[in-house]
Amino acid sequence: MADATPAASPLRRHMIDDMTLRNLSPATQRSYLHAVAKFSRYFDRSPDRLGPEDVRAFQVYLVSRGISWPALNQTVCALRFFCGVTLNRAEIPERTAYARAPGKLPTIPSADEVVHFLEAVPSLKERAALTTAHAAGLRASEAVSLKVADIFRRHGPAYVQAHDGHLGRVERRVMSATELCRTAALGGHVEGCRACGAVRVACNSCRNRHCPKCQSAVARDWLEARATDLLPVPYFHVVFTLPARIAPTFARQAHEHSPPCSNPLATSPIYTHPKNAGTTSRLPDMSQVSLETLYRVSSQ
Ligand SMILES: [Zn+2]
C-alpha cells in the first residue's frame, strides 16, 4: 500500500484510492506517487494546476538530464494515470507520448560455450533438462512445465521409426504408457473426500514402473525412507578396481553372502543402520555392487 498517512493531501489521497481500486501493486503506487511529486516540485505548483504543455516541458527536462528510457516511460505512465484517471482530463494522456526504448540484442553464447556449460552440470537429469531447453529454445516457464510424455507424443513416432531395429517391445510399451498416462484414453475415476465431501474426476494412471508421473511419488517415498536409515555423518561414494587375481574370489563370495539386491543404495543400511552398530561388515558384501561401493566414513 502506498503512502496513506493522515497528512496526505486530498489530491494524493484521491490518487491512492484510484490506484488501489485498480489493484496496482504497492511498488507501482509508490513509483507513481514519486513521479507526480517530482513533477509538482519541478514547477513548484500543485499538479492539478498543470497542463499538457507542462507535462511535455517536464519530459524535455528529464531527457536533458540523461534519464534512462525505461525510467522516462515509467514517469510518463505515472503522469498519464494521474491526469487521465485522478484528474479526469483525458486530453493530457492522449498528448503525452511514450519514448521508444532502443531494442537490445540478447547475448548469445557460442556453440563451444554452450557445450562447456552443459558439461559442467553434474546431474545427468538436470543436464538433460537444460540440453532440451536449449535445443528447443524454451523459456524457463516452458521448460519447467515440459513433460516426458510431451516429448514422446511429439517426437516419439519419428524416434521409433529411426531406431526401429533397436527398440524392443518393453521400450515401446513404456513410451506408449507414458504418453497415455492420466489421459482420457485410460478412462477415469471419481475421487471423494469423506471429511469435506469434495469430489473430483481424475484420469487413470498407467502404473508402468518406468512412468515418471506414476513413479515420482514412489521414488520420493523410497528416498525419504532410506534417508531415515542414514547416520548424520558425511558419506562418500568410492569407486575402485580390484586386482584381477582376487576379483573372482570377491565376486563369488559376494554372490554367496550378499542379500538379493543389486542396488548400491539399498545395501547401504546394512552398514549404517543403528541395529548393526558394533558389527563388522564383511568385505565381500561390499563387492556386490560391481565394485562400486557406498562406504560410510566417519568425520572423526
Ligand atoms: Zn503413468
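Select helix H2, whose 18 residues reach 26 Å from the first C-alpha to the last, close to the 26 Å expected at 1.5 Å a residue; the expected span is 1.5 Å times one less than the number of residues. Helices (H or I, at least four residues) and strands (E, at least two) are DSSP runs, numbered from the N terminus. What you have open is a predicted model, in which local features need pLDDT of at least 70 and side-chain atom pairs count only at pLDDT 80 or more, while totals for chains, interfaces and linings use all residues. To find a residue, note that numbering starts from 1 along each chain as its sequence is written.

**Around H2**

Within H2, now highlight Gln-29, Tyr-32, Ala-35, Val-36 and Phe-39, which are buried; a residue is buried if 20 or more other C-beta atoms lie within 10 Å of its own, exposed if 12 or fewer, and partly exposed in between, with C-beta atoms placed from the backbone. If you look down the axis of H2, these buried residues fall within an arc of 135°, so they line one face of the helix; the arc is that of the directions from the helix axis to the C-beta atoms. On the face turned away from this buried side, select Pro-26, Ala-27 and Arg-41, which are exposed. Adding H1, H3 and H4 to the view shows what the buried residues of H2 pack against. Following H2 along the chain brings you to Asp-44, whose phi is positive, near 55°.

**On to H3**

Select residues 52-64 next, which form helix H3 with 13 residues and a reach of 19 Å from first C-alpha to last, close to the 18 Å expected at 1.5 Å a residue. Val-55, Phe-58 and Leu-62 are buried here, and because they fall within an arc of 60° when seen down the axis of H3, they line one face of the helix. Glu-53, Val-60, Val-63 and Ser-64, on the other side of H3, are exposed. The cover over the buried residues of H3 includes helix H2 (26-43), helix H4 (69-86) and helix H5 (91-95). Just after H3, pause at Gly-66, which takes a positive phi of about 80°.

**The nonpolar cores**

Now colour Tyr-32, Ala-35, Val-36, Ala-78, Leu-79 and Phe-82, which have the most contacts inside the largest nonpolar core, a group of 17 residues. Such a core is a set of buried Ala, Val, Leu, Ile, Met, Phe, Trp, Tyr and Cys residues joined through C-beta atoms within 7 Å. Helix H1 (10-21), H2, H3 and H4 are the elements that give two or more residues to this core, and its largest share, 6 residues, comes from H4. Centre the view on Val-36, which touches Met-15, Pro-47, Ala-78, Leu-79 and Phe-82, not counting residues up to four places away in sequence; two residues are in contact if their C-beta atoms, placed from the backbone, lie within 7 Å. A second, separate core of 6 residues includes Ala-149, Ala-177, Cys-206 and Cys-211.

**The hairpin**

Move to strand S1 (residues 188-192), which 5 bridges join to S2 in an antiparallel arrangement; two strands pair if DSSP finds at least two bridges between them. Gly-192 stands opposite Val-199 in S2, and Gly-197, in the hairpin with 6 residues between the strands, takes a positive phi near 85°. Of the 5 residues of S1 the number buried is 0, so S1 lies largely in the open, and strand S2 (residues 199-203) is hardly covered, with a count of 0 buried among its 5 residues.

**Confidence along the chain**

Finally, colour the chain by pLDDT, the predictor's confidence in each residue, from 0 to 100. The mean pLDDT of the protein chain is 80, and 82% of its residues reach 70 or more. Among the elements, helix H10 (residues 169-180) has the highest mean, 94, and strand S4 (residues 292-296) the lowest, 39. Select residues 259-300, where the pLDDT is below 50 and where the stretch has 56 contacts in the model beyond near neighbours in sequence. Where pLDDT is low, the predicted coordinates should not be read in detail.
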